[in-house]
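Q: Could you take me on a close look at the metal site in this model? I'd love to know what holds the ion and how the donors are arranged.

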Amino acid sequence: MKSCVTISSVPSLKGGPWILWDNLEKSLETASEIGFDGVELFTSKASIDTNVPLARLLERHNLTVGAVGTGAGKVLHGLTLTDPDSSIRKKAREFIKDMIIFGAELSAPSILGSMQGSYGNDCTRETAIRYLEEALQELGEFAISQGTFFIYEPLNRYETNLFNQFEDACNFCRSLNSNGIKVLADLFHMNIEESSIEASIRPNADVLGHVHFADSNRKPVGFGHTDMKPICECLKEINYNGYISAEAFAWPDPDTAARQTLKSYRQFFCQSDV
Ligand code: LER
Ligand code: MN
């Protein structure tokens, strides 16, 4: 497993669930200095302005990219894959393809979170699920063509009404005509939706592709009340070898949040007896 911390390069979304908020160069320096293996990037578009090429900066700081998030497509540009308007759905797929290319160049997959959208008003659940299915099949195959995969993230009921439970999302993704889709276990969303987080993850190891590491209240792990020990034991038991990525509020401040996250990561994943 690899430790990972989120970096947002979108100042207008300050207050969202990302740990590091400084400019990218500074955030990479902080992530590396604290001791993370990787970073997850949240950007407004499929590129990022740096004085030195990003790949060189990552190499300098001995960091990999765990994933890139596509959420800005929805929150900044209003695009979702299940919008009733076909021109918006098309733009959403194009935005995501650019993000998949951006990620693939950094050897990282992209994540579909809020850009999945919701059904309602002009669109039934059945229609929205069909749109999602078609889009995921296309994007999964596109990700494979770029040498990577694409990650679908079930969200809690206040953020989508498509798939809230992990097992439902895994079954849906397994049924797709693409092997390019994996599923994300966000421990904050799962804390709201699952009866048991570890029991939901255990039978779905085959499609688990990424983990968002946050406590019950979306603060860094250790600042809430999720019982993390059985979840971490389950991830070890199923030999999960992907990223454990801190997508949490920068509480009480980015530096403390990052340090707390790595402390918890080491406590649960690097010690044999926790
Ligand atoms: C994205 O990873 C996520 O978890 C969502 O809550 C963002 O809206
Ligand atoms: Mn998440």
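A: The manganese ion (ligand 2) has as its protein donors Glu153 (OE), Asp186 (OD), His212 (ND1) and Glu247 (OE), at 2.1 to 2.2 Å from the ion. Donors here are N, O and S atoms within 2.8 Å of the metal (3.2 Å for Na, K and Ca), and water is not among the atoms, so sites may look incomplete. Please keep in mind that this is a predicted model, where local features need pLDDT of at least 70, side-chain atom pairs count only at pLDDT 80 or more, and totals for chains, interfaces and linings use all residues. Residues are numbered from 1 along each chain as its sequence is written, chains are lettered from A and ligands numbered from 1 in the order in which they are written, and side-chain values use heavy atoms, leaving out hydrogens and water.

Now to the geometry: the arrangement is octahedral because the six donor atoms around the manganese ion (ligand 2) subtend angles of 70 to 172°. Six donors count as octahedral if opposite donors are over 155 degrees apart and all others between 65 and 115. Ideal angles for six octahedral donors are 90 or 180 degrees.

Along the sequence, the donor residues follow the spacing E-x32-D-x25-H-x34-E. Distant parts of the chain are linked by one pair, 61 residues apart: Asp186 in strand S6 (residues 181-186) and Glu247 in the loop between strand S8 (243-246) and H10. Helices (H or I, at least four residues) and strands (E, at least two) are DSSP runs, numbered from the N terminus. Asp186 and Glu247 are both buried, meaning under 20% relative accessible area (1.4 Å probe, protein chains only).

H10 (residues 254-270) also has a helix partner: its axis and that of H1 (residues 24-34) come within 10 Å and cross at roughly 35°. These axes are lines fitted to C-alpha atoms, for helices over the stretch in contact, with angles running from 0 to 180 degrees between N-to-C directions.

How values were computed: Tetrahedral: all angles 85-135°; square planar, octahedral: opposite > 155°, others 65-115°. Buried < 20%, exposed > 50% of the residue type's maximum accessible area, 1.4 Å probe, protein only.
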